[in-house]
Amino acid sequence: MNFKKELAEILFEVLEGEIGLSDLELLIEKPKNQDHGDLAFPCFTLAKLKRKAPNMIAQELSVKIQAPIFEKVEVVGAYLNLFLNKKLVSEKIVSEIITQKEQFAAQDIGGGGNVTIDMSSPNIAKPFSMGHLRSTVIGNAIAKMVEKCGYKPIKINHLGDWGTQFGKLITAYKLWGDEEKVKQNPIKELLALYIKFHDEAESNPTLVDDGRSWFKKLEDGDEEALALWQWFRDESLKEFSRIYELMNIEFDSYAGEAFYNDKMDRVVQLLEEKKLLVESDQAQVVELFEEQLPPCLIKKSDGATLYATRDLAAAIYRKENYNFVKSLYVVGHEQSLHFKQLIAVLTKMGYDWAEKMVHVPFGMMLKDGKKMSTRKGKVVLLEEVLTESIAMARHNIEEKNPNLLNKDVVAKQVGVGAVIFHDLKNNRMNDIEFSLEEMLRFEGETGPYVQYTYARACSILRKGKWEVDGADQSYNTAWEKEWKVISLLMEFSNAIKRASENFDPSQVAKYLVDLAQAFNKYYAEVKVLEESVEREARFALVYSVTVVLKEGLRLLGVQAPEEM
């Protein structure tokens, strides 16, 4: 139920259209203190229109608002404070959740439009580090949230499978590589070779030239270079797939950088036709003076293409193949300039859909206050973190619930969920200091805390042998003690909408913590399992909480075990 909208419609009628319906809805607030009502309408805007004191307008409106959903209307200064009818509203909300189940709070804002999401994008021949966790889980959660709002997400894993690093890696393999060692432990050996290349290059700069030379061979289709590149790529994808499976994340496309190799000439040709290419220091660039941005490099002096060329080709390909209504790039904030240039060049090319492209930046995963770096060997492997988290969850289960069935399944759900939730509860723009201890805490504002609350609610329903039995019914209670939980259940759709609009999963994560805390407080104060006339209503509330907690966790990419 959208009670904000209902109030806006009532005010629109009372005010005889003096302010538009959507403007009225935007003016309506939710008081921070529940003692001040469930909704509040400030009358300052009306005061300017009517040239009358806002407190007088509030007084006049209070008499005119007559609706069964409001049990009380109060005037406090320039504010109209409205108290919802707890019984009527609670029964409506509970009925909706029981009827709609996981479809509760679904919205049709997107109308089925495609949203491409460029996310995860690990580099081939390098291990999947904690540094790539953020793009992966933020992108996955955004995909689920926009889908809940009526869009069709298309998740694209734009693999880092091309670039000068492959020239360096091929050079390192030719100099120091051992085929058998690489076959036995590909990612570990390839990473060691990559680190060794950078260490050696500090005292032997000619290695960098060799790396560039091998990459040029790769671009020119050299047979040996391509065979080594393909081998590195195949082995890396096997490792990545195992980690994605562990996190229960799937993609619609693995078209990485190499996929666009044969699509870049067309981009260069289009830029030439539109007379946008300019020579600068023997390189080809697009000037962006008017946009107050540095020139966008399209081709280097040796003819090699750059990220921008490739991303222009990718953007055009995605528009032509997916006809997106939005195109999201879940990439670290350090790439902000690159995406500003990318969108600016596409706009100069005459593509009005460029304004539908959005860079969704996020802060870094830090270790000891510094950015993790693969080339310097300062890397924490995601798979090792997930494995340790699962083991810790298994240990906790053994201590607290040794008779639990499916311990390994639950340990995986809790261990992986702890890592994902720890990332997503933070505003995406914040840097996160890597701390295994903090990540694996199983109390406080954590994934395991929300999961445990869900499992506890499921346990209450099992103990009470309660089953869903029809939705439209009146319960024998005033819903006073339940009101805090009901108020939060009402907010679920708003939390999803905010998270979807701002591409910020932390809105849903924080919401789930609030709901879990409110429910645990309610359960501590009210004897749900005790025989009473209010028992049916209380079980209906517990069931509603399980539906919303499970669906909220699903939107974050976290599973909800029924027992822990």
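## Worked exercises: a helix, a pocket and two odd phi angles

The buried residues of α21 (buried is under 20% relative accessible area with a 1.4 Å probe, protein chains only) pack against α6 (133–148), α16 (407–424), α18 (447–463), α19 (483–490), α20 (492–502) and α22 (535–556). Contact here is heavy atoms within 4.5 Å, and helices (H or I, at least four residues) are DSSP runs numbered from the N terminus.

A quick note on the input: this is a predicted model, where local features need pLDDT of at least 70 and side-chain atom pairs count only at pLDDT 80 or more, while totals for chains, interfaces and linings use all residues. Residues are numbered from 1 along each chain as its sequence is written, and side-chain values use heavy atoms, with hydrogens and water left out.

**Exercise 1.** Check the span of α21 (residues 506–525), then list its buried residues.

- Step 1: the expected span is 1.5 Å times one less than the number of residues, so the 20 residues of α21 should cover 28 Å.
- Step 2: the end C-alpha atoms of α21 are 29 Å apart, which agrees.
- Step 3: the buried set is Ser506, Val508, Ala509, Tyr511, Leu512, Val513, Leu515, Ala516, Ala518, Phe519, Asn520 and Tyr522.

**Exercise 2.** Describe the second largest pocket and what lines it.

- Step 1: a pocket is an open set of points on a 1 Å grid over the protein atoms alone, with protein on both sides within 12 Å along at least five of seven lines; lining residues have an atom within 4 Å of a point.
- Step 2: the volume, meaning the space filled by probe spheres set on the points, is about 1,200 Å³.
- Step 3: 40 residues line this pocket, and Lys30, Met490, Glu491, Asn494 and Arg498 lie nearest its centre.
- Step 4: α21 gives the most to the lining, with seven residues.

**Exercise 3.** Which residues of α1 are buried, and how are they arranged around the axis?

- Step 1: pick out Phe3, Leu7, Ala8, Ile10 and Leu11 as the buried ones.
- Step 2: look down the axis of α1; these residues fall within an arc of 165 degrees (taken from the directions from the helix axis to the C-beta atoms), so they line one face of the helix.

**Exercise 4.** Place arginine 51 and say whether it is buried or exposed.

- Step 1: arginine 51 sits in the loop between α3 (44–50) and α4 (54–64).
- Step 2: its phi is near 55 degrees, a positive value in a residue other than glycine.
- Step 3: arginine 51 has 79% relative accessibility, so it counts as exposed (over 50%).

Technical notes. Helix = DSSP H or I, 4+ residues; strand = E, 2+ residues; numbered from the N terminus. 1 Å grid on protein atoms, 1.4 Å probe; cavity = no way out; pocket = protein on both sides within 12 Å on 5 of 7 lines; lining within 4 Å.
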